[in-house]
Structure formats: structure tokens, C-alpha cells
Amino acid sequence: MSDVKKIATRDGYGAGLKALGEEAPDVVVLDADLAGTTRTAVFRKAFPDRHFNCGIAEGNMVSVAAGLATMGLVPFVSSFAMFATGRAFEQIRNSVGYPHLNVKIGASHGGVSVGEDGASHQCCEDFAVMRVIPGMAVLCPSDEVEARKMVRAAYEWNGPVYMRFGRYATPVYHDESFSVRIGKGELLQDGRDIAIIATGIMVPEAMEAGKALAAAGIGARVINMASIKPLDEEMVIRAARECGRIVTVEEHSVIGGLGEAVCSALAESCPVPVRRVGIQDEFGRSGPAAELLRFYGLTAENIAAQARDMLGR
Amino acid sequence: MTDKERKQLQLTANRVREGILTGTYCAKSGHPGGSLSAAEVFTYLYFREMRVRPEEPRWPDRDRMVLSKGHTAPGLYSALALRGFFPFEDMRTLRHIDSYLQGHPNMETVPGVDMSTGSLGQGVSAAAGMAKGAKYLQKDINVYAVLGDGELDEGQVWEAAMFASHYGLDNLCVIVDLNGLQIDGRTQDVMNTAPVDEKFAAFGFDTVWVNGHDFDELEAAFGRFHANKGTGKPTAILMRTVKGKGVSFMEDQADWHGKGPNAEEYERAMGEIMAARAALEG
């Protein structure tokens, strides 16, 4: 995919906010001294009076956003995924989740592809802690186009939404006709031998794995599951029924994320073998993003190898 | 205020105390101590200070009140009920499984509650967000937050204070109920937050000390809040109070932070409340 345009999903977030801001005067954006790197600075440049920097105080920022939401505004709050969902977890749970306030959390720097900053800044737990909050939608776009359009979808969704964006530039494969539908998966390649359900920047890797498997005569169904919660259970269960085996792929702990969400849905309706590709209950480390993704097996090669291992082919 | 107005407020605060005791007695739990210490300020806010419409609880242009020390919901609920937001008799259902009167304030179920609270430190941030929102929307809305003194241990209170001052939220009035006690004992022993006035001043607030049980002093303090409009300075009203105020055996006892009275204690407490009422009416 070296000839494909590569853009980080966080850039889609910034561009999406700016586009939304032009049409929706009730949108305000909060950041915690990371506007440049979360890309909310793109919004700030266009709408300086609608961007509130809260300083390095994520807990206060989230509760302030809750207060703004009670006034009829639609706040988007941003930080790194680690601090947005870790430091401010209880504020999200109690100030936003419990009263079902219309706050959107846009977090950048998800996963190990943060790179050299290392484990303290590589959040692989955000899906888990956001999923468990009642009423919270949990989304992770697979490319810049989906990230950009997800901002509007989150705005139109009534209630709290968590969106995870990445720092690392990854392939853009959607065209402008694509539209985000919360609660729906996207079928990217059909197949009947095995299904690969991926989220975020793992989707382009899953697509590559799907092609490699096809070349080896294995029909892999490839699904982009940007909506981790609500999960497209219908699509997951159909994949289990029709393919019989599933590989889940996420740049997140195998505990509490997409893999477990898929397993939960299947265990109650259509149990089939599932292989969870992700971070295997460990912390990240420093290194270049591409090398880290390889180190943790978050590559097309490993996805294809896991699929073949499951099939014994 | 006139003598008649003062007496009326005192009678209302007395009824707020009745609601607190009845609610926590019927619930066999709850937080009477810090509710009783704030009975006067709840009364003053809802009967003299705030622009609210009980018949239209979500009137968009109303003033907002966030009970950041959410465990003292019985005091807030009593004041709201007496103001006409819901029937006072419902205080008997406090904390019951089929009641809308949740143990801590719930903005989705209780008419008049502007923010769900209970986890200390978060309410004052939400209030700052409301004040910022009112400024952004160019609306003349006052926002009040009532905090406990134990709550000042929470770092988020000071994050919110920084935010309020940085954004010039002179429409925000922070009220601290300094009854000197928290769950584990004296605030000065558990975690000394003194000097509270100098701390808020250092964070850019105009601070004013009051006797939190004196309506004339409360009136003067809220007058100062209104006078601060246009200065860009948020206001902190620091209330010296007595935890458990109005019930002799609950006064200044940390033990009465978080438990309801039993039947015998309720009877004794109500006897004191009714005697105080008779004295006011006499």
C-alpha cells in the first residue's frame, strides 16, 4: 500500500471539527494544552471564541463540558486517549455518562502507534473503560475520511460519544461518498472461510491480509467495525454463521475491547472460535510506530498467519 | 430585608430542616449533618436569590445551582419541594427504590436539580462550565455552586477555580459550607485546607466570610456577588456554619455526617424543630 495516500486519523478529527463548526454554532471545543497535537487547533484557528483551553486539567475539562452541555451547547473535549479516558474516567462516568449529557470526547494518540513516547502515553485500555459506561457510544475510525465524517455523526448522535483517533499516518481508502453510521459495520470484502473484524488503523492491515488470503485460495470476509459500541451484532452474528471462524483485530488490549465485544455477542447467540489479535495484556514501549506495530503483531502478515492457523491451512 | 421577610426565611429554613430529618429518617440513611448546616443558604438561594420557575423547571434562562457537595441532597430537595418544584410529602420517599428522589442529586429525575452530582469536586467544575456557557451565549444567568469544606481536599476544586478566574466568570458564585467536619473528623485534622480565604483569593476570587446561619449576612454576601459583575472576578462566599445545626444532639458531631436518625432520635429532633418553629411563630 506504499502508493496510497497516508494521513493520521487525528487530522480527520481537526478537519471534521472545522467543517462542523461552520454549520453548527452550538459546537464548542475544549482542549487540555494539546490543541496542536490533537488537531483541535484547526478548529481554534477558524473559531477562536469557541475553543476553550482548559490547561493541563482533564478532570475539570470534562466536568466543565458537562456544564456547557446543560446549557444546550455541544462540547467536543480533547486530549490524548490516556488522559481523556484515564485521568478523567470518573468525570466522564459521573458528570457526563450518568446524566446522559451530550458531550463528545475526541481523543487522539490511541494505541501503541503513538511511538517513541512509550507506554505512559500509549493508551490500549480506552475502549474497555469507555464501553463499560452505560449509554456511551465508542467509535474508532479506520482512516482520515471516516474520522472526518465521524465528527458529524457524533454531533448528530444524541448523547455521549467517545471517539479514538491515531497519531500515525495510515492509508486512506474511503472516498468522499462514504458515510458513517453509528452502530453499523462496513463490509469491505466478502468471503466464506473466515471473517476478519477490525477497527481503527488495523482495518487497512486487515484488508491487506484479506487480499493475501484470497491469493492463497482462502475466502476471508473483511469487516470495518468502527462502531465498537453499539456493536453491529447482526453483522457479527451473520459473519459467525456464514464463515464459522473469526479473527478480531484492534490496536488495543485484547481485554475489554472489540475482541471481547465480539466474543460476548457470539457467546450468547452463535458461539464460534475467535482469535483476538491485539495487545496481549501488556504495556507498550518506545520505538518507531511501524516497528511497534510489527513487534506487537498488529500487521497484515500476522493477521493472515492467525487466520491460516485457525483454518489449519 | 424587613423583619417579616427575615422571619419568613427563618420559618422556611425550619421547614427545610423538617424535610431533611423526615427524609433521612424514612430512608434510614442519608446525610443530615451537612444538610442542616446549609439549610439557610438553600433557603436564601431558592426563596430570595435565584430566578427560577417551579412550574417550568427547565426554563432555559433560569439561574443555575449545582450542589457540588451532592450528599446533602436532603437539604436541596427540601428547599426545592417547599419552593413548589414537587410535593413536600415526597421527602418521605427519599432513597426508596421506587422514588425519583435519588440519594444524590439526579438532574434527570428531580425537578429543579440543575446537575447530577455526588462525586466531590465535579459539581463546581460543571457550574464553571454553565457560567462559561452563559457568557458564550450572552445570557444574564447566575450560577451558584455549594461546596463542603471537606470537598476542598479534592484537587479538581482548584482546577475549577483556576478555570473560573482565567475565563473571568463573574457570574459564578461559589459557596463553601465550612462546618469544620468531614467523615473522619475535624477538617483541620483530616486534611487542613486553611487558609481557605487566602487560597480562593490567590486563585482570583473575591472572598467574603459570613455566618452561614444569618440571613442578613447572606444577603450582604450575595449583594457583593452582584456588585462583582463586570469585574471579571468570581465570588467565593465562605460560610462559617455548625454541622447538624438546629438539632442539639447532632450539632458539631462528625458522627451525624452520614446516617439517618432512628425513631427515638427523629422524635427528639422534630420536637426541637417544632419548638423552634413555635418560637418563631410566637
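**Close-up 1. Salt bridges and polar contacts between chain B and chain A.** In this predicted model, the rule turns up 0 salt bridges across the interface of chain B and chain A. Polar contacts are another story: 12 residue pairs qualify across that interface, both partners at pLDDT 80 or more.

**Close-up 2. The helices on the chain B side.** Two helices of chain B, H5 (122-136) and H6 (155-166), each put at least two residues on the side that touches chain A. H5(B) is the top contributor to that side, with 10 residues. Sort the chain B side by class and you get 12 nonpolar, 9 polar and 5 charged residues.

**Close-up 3. The contact footprint and its buried area.** Here 26 residues of chain B meet 26 residues of chain A in contact. Putting the two chains together buries about 2,100 Å², and carbon and sulfur atoms account for 59% of that area. Which three residues of chain B supply more of its buried area against chain A than any other three? They're Gln122(B), Tyr136(B) and Phe163(B), and they supply 27% of what chain B buries there.

**Close-up 4. How confident the predictor is.** Chain B comes out with an average pLDDT of 98, and 100% of its residues score at least 70. For the complex, the predictor reports an ipTM of 0.97, along with a pTM of 0.97.

Notes: Residues are numbered from 1 along each chain as its sequence is written. Chains are lettered from A and ligands numbered from 1 in the order in which they are written. This is a predicted model: local features need pLDDT of at least 70, side-chain atom pairs count only at pLDDT 80 or more; totals for chains, interfaces and linings use all residues. Side-chain values use heavy atoms; hydrogens and water are left out. Contact means heavy atoms within 4.5 Å. Buried area is the accessible area (1.4 Å probe) that two parts lose on being put together, summed over both. A salt bridge is a side-chain nitrogen of Lys or Arg within 4 Å of a carboxyl oxygen of Asp or Glu. A polar contact is a pair of N or O atoms within 3.5 Å; within protein, one must be able to donate a hydrogen and the other to accept it, and residues adjacent in sequence count only if both atoms are side-chain atoms. Helices (H or I, at least four residues) and strands (E, at least two) are DSSP runs, numbered from the N terminus. Ala, Val, Leu, Ile, Met, Phe, Trp, Tyr, Cys and Pro count as nonpolar, Asp, Glu, Lys and Arg as charged, and the others, Gly among them, as polar. pLDDT is the predictor's confidence in each residue, from 0 to 100.
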